[in-house]
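This is a walk through three regions of one protein chain. Have the sequence and the coordinates open while reading.

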Amino acid sequence: MESRLPKPSTIKKPTPAIKPILPSDRIKGPGTSNANLTQPPLSRDIGNIQNILPRNGVGAAARARAASPEPSKPLAFLNRHKLRRSRSACDINEMRQTMKRGAPTLPTIPSKLTRLGNNTTNSSAATGRAASRPLATAVKRTVAGGPTVASSSNTTASRPLARVAATGVNKAKPGAASGPPAKRIAPYDFKARFHDLLEKHKSLKTKYEKQIEDMGELESMPAQLEETQNKLIETERKLSNVETDRECLKRQVNQQISKIEAITTSLGITKDELSKLQTVHKEVETQHAALSVEVQELRERNEQLMISNEQLNNDLTTCREQLFQSNMERKELHNTVMDLRGNIRVFCRVRPPLDTEMGRMCCSWSYHDEATVELQSLDAQSRNKGSGQQIFSFDQVFHPQCTQTDIFEMVAPLIQSALDGYNICIFAYGQTGSGKTYTMDGVPDNSGVIPRTVDLLFDSIKNYRNLGWEYVIKATFLEIYNEVLYDLLSNEQKDMEIRMAKNAGKNDIYVSNITEETVTDPNHLRQLMQAAKMNRATASTVGNERSSRSHAVTKLELIGTHAGKQEMSVGSINLVDLAGSESPKTSIRMTETKNINRSLSELTNVILALLQKQDHIPYRNSKLTHLLMPALGGNSKTLMFINVSPFQDCFQESVKSLRFAASVNSCKMAKAKRNRYLNSSSASNNSSCEK
Ligand SMILES: Nc1ncnc2c1ncn2[C@@H]1O[C@H](COP(=O)(O)OP(=O)(O)OP(=O)(O)O)[C@@H](O)[C@H]1O
């Protein structure tokens with residue numbers, strides 16, 4: 001009969017989780033009854049599973065076995081049963097090993113169940129709780145399936161077996177036994193019992209598989225737990241990071257709040273400023289609108305002005321043309337007046353005694369009018385000879401109280417003629433110490449003719465510029481000493497000669513190797529004059545401790561161009577400070593005195609020849625007349641100052657100079673003399689007669 005039973009090896013092996021559920025101590029324990037031993041090992045194991053699942057412990061299994069109808073077996077049968085069971089256990093172990101290879105960390109079912117039992121009472125273990133839920137669910141399913149198994153077994157199994165099963169199920173869960181009572185299978189009906197067992201086996205197998213599935217879920221729980229723990233740690237770490245970030249963000253938020261507050265404050269200020277600026281902007285806009293209107297008006301006005309300006313320009317051009325023509329007429333008239341006054345004019349100047357000369361006796365000077373002076377000697381011998389009283393007439397007589405300004409007023413028209421293209425020569429003739437240098441150069445605080453001429457020239461050039469004339473002034477400074485020429489702007493020893501210009505008119509003369517400076521302003525010219533003065537040769541004489549013993553000639557060449565009219569005018573001014581005429585009786589430098597007197601005599605001869613309109617003018621008899629040839633003859637105008645000293649001891653020299661000047665003046669006035677005679681001797685009468 002035992003051979004009809006299927007061998008344990010043919011029965012589908014239980015899963016490895018069975019072993020922990022069926023510990024050996026339960027099989028061998030004191031609770032083990034003979035009734036259990038009479039059961040087939042496999043059926044008993046399955047029954048044990050159902051007894052264990054409700055976790056009733058050994059007592060529940062013992063009761064289930066006690067309920068079994070089978071009698072107790074002898075010891076031999078028990079050993080055989082052990083062998084079968086060991087084989088079944090071996091199978092189970094084999095399955096477990098197989099599962100371990102697939103899932104090495106799968107825990108054993110008993111431990112799980114034990115933990116499950118413990119976990120139901122110990123609620124403090126979180127993991128136990130987590131694991132107990134699916135297990136409890138599995139157990140519930142197992143218990144709930146009990147009646148089903150019992151019910152199904154009723155159809156095929158014997159009544160005793162069904163009762164055992166029903167009893168076991170009912171004991172595991174008393175309320176669940178609600179079906180009809182199971183039929184009792186006779187103990188000898190092994191076939192029925194076998195079928196019943198097969199059914200149970202199937203049922204249990206199904207349950208077992210479900211439990212295996214549940215156990216699989218449970219097996220994955222530690223990993224899930226570990227994963228959850230890792231996730232928890234990671235989450236905690238993240239949370240920490242989040243906390244840190246939150247703190248940072250909180251600080252940043254605080255900073256941002258502070259910034260926002262500051263910005264809000266500045267925004268308020270800015271708003272105020274904006275409001276002010278808007279107000280200003282409105283004002284500016286209003287002003288801009290007003291200014292725009294003004295600009296428009298000004299533009300219209302500008303257009304009108306442009307039109308009127310164009311008309312004025314045309315008028316100005318016309319006026320300039322008329323002015324130019326008028327200026328030309330003025331030049332001609334001026335020249336005519338100068339001609340009528342005479343190309344050679346003579347001015348007499350009597351200097352005052354100096355403070356240091358108050359002890360010297362002066363002659364008696366009587367100034368009848370502007371042009372007549374009477375000189376009377378205080379010496380009785382001279383009176384007895386009839387030479388003590390002399391009357392002289394000149395173009396102008398300047399008494400000692402006349403100032404440098406008075407002098408220059410009479411000189412200025414000649415300077416004007418120089419700008420108009422005439423050659424002018426102004427020289428001072430007189431005894432040593434009579435005031436020639438004072439008249440020509442002046443003193444620092446009272447400038448003479450030459451510095452005033454410079455100022456007048458540059459002032460006139462400015463006015464002429466408005467008429468379209470541009471002038472260039474070239475200056476030379478030379479000295480004639482003992483009939484030798486010296487360049488006063490250079491200390492070098494030069495061989496200087498008076499030469500005629502090659503391609504020029506007959507009176508165009510130049511000096512070779514002389515330094516010629518182009519003057520751009522009055523100060524520059526004054527500097528040149530100062531340098532020339534320093535270089536001038538001086539020597540002390542009896543009459544004057546600083547008397548000049550040479551002729552100093554300052555020549556200013558005035559070159560004017562009118563670009564619009566393509567005209568050019570070249571004039572010159574020769575300003576000559578002659579050496580003092582000195583009697584050879586009183587001179588200690590006879591050579592100098594002879595040369596000086598000879599050159600002065602030649603000058604007199606030239607002037608007289610010019611006035612008498614002689615065919616030959618002896619210019620070349622002296623360096624001085626040769627040099628002044630362009631300025632003395634032809635179209636030139638000459639002004640001679642006769643300087644005399646007021647002193648009695650200078651009476652003879654004064655009379656000599658005045659006679660020479662009077663002779664010049666008498667020749668010059670030969671034609672006018674008649675007019676003069678008609679209108680007494682005043683200059684004003686002369687002018688009226690000339691007209
Ligand atoms: N009109 C005047 N008013 C005041 N002082 C004058 C006048 N004329 C000349 N003097 C003075 O008389 C002195 C002699 O004059 P200045 O040197 O000009 O004579 P000079 O004729 O040039 O002599 P020299 O021929 O020796 O050069 C100078 O001290 C000068 O300042």
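The model is predicted. A convenient place to start is strand 9, which pairs with strand 10 (residues 484-487) in the antiparallel sense over 4 bridges. Within this pairing, Ile-480 stands opposite Leu-485 of strand 10. The two strands form a hairpin with 2 residues between them, and Asn-482 takes a positive phi there, near 55 degrees.

Strand 9 covers residues 469-481 and has further partners to trace. With strand 14 (residues 551-562) it pairs over 12 bridges, again in the antiparallel sense. To locate this pairing in the model, start from Trp-469, whose bridge partner in strand 14 is His-562. Strand 13, a run spanning residues 517-519, is also joined to strand 9; the two run antiparallel and share 3 bridges. Here the pair to look for is Ala-475 with Glu-517, the latter lying in strand 13. When following side chains along these strands, recall that in a regular strand they alternate between the two faces of the sheet.

The next region is one that carries an annotation. An unreviewed UniProt entry lists a "binding site" made up of Gly-430, Gln-431, Thr-432, Gly-433, Ser-434, Gly-435, Lys-436 and Thr-437. Where does Thr-432 lie? Thr-432 is placed in the loop that runs between strand 6 (423-430) and helix 13 (436-440). Is Thr-432 buried or exposed? Thr-432 counts as buried because 25 C-beta neighbours fall inside 10 Å, and the threshold for that label is 20 or more.

Gly-435, another of the listed positions, is found in the loop between strand 6 and helix 13 as well. Gly-435 has 21 other C-beta atoms within 10 Å and is therefore buried too. Which residues does Gly-435 contact, once neighbours within four places in sequence are left aside? The contacts of Gly-435 are then Arg-349, Arg-351 and Asn-643.

The last stop is helix 16, a run of 22 residues from 590 to 611. From its first C-alpha to its last, helix 16 reaches 31 Å, which is close to the 32 Å expected at 1.5 Å a residue. Its buried positions are Thr-593, Asn-595, Ile-596, Ser-599, Leu-600, Leu-603, Val-606, Ile-607 and Leu-610. Just after helix 16 comes Lys-613, where phi is positive at about 55 degrees.

Note on methods
Residues are numbered from 1 along each chain as its sequence is written. This is a predicted model: local features need pLDDT of at least 70, side-chain atom pairs count only at pLDDT 80 or more; totals for chains, interfaces and linings use all residues. The expected span of a helix is 1.5 Å times one less than its number of residues. A residue is buried if 20 or more other C-beta atoms lie within 10 Å of its own, exposed if 12 or fewer, and partly exposed in between; C-beta atoms are placed from the backbone. Two strands pair if DSSP finds at least two bridges between them. UniProt positions are given in the numbering used here, feature names are shortened, and annotations may be inferred rather than shown by experiment. Two residues are in contact if their C-beta atoms, placed from the backbone, lie within 7 Å.
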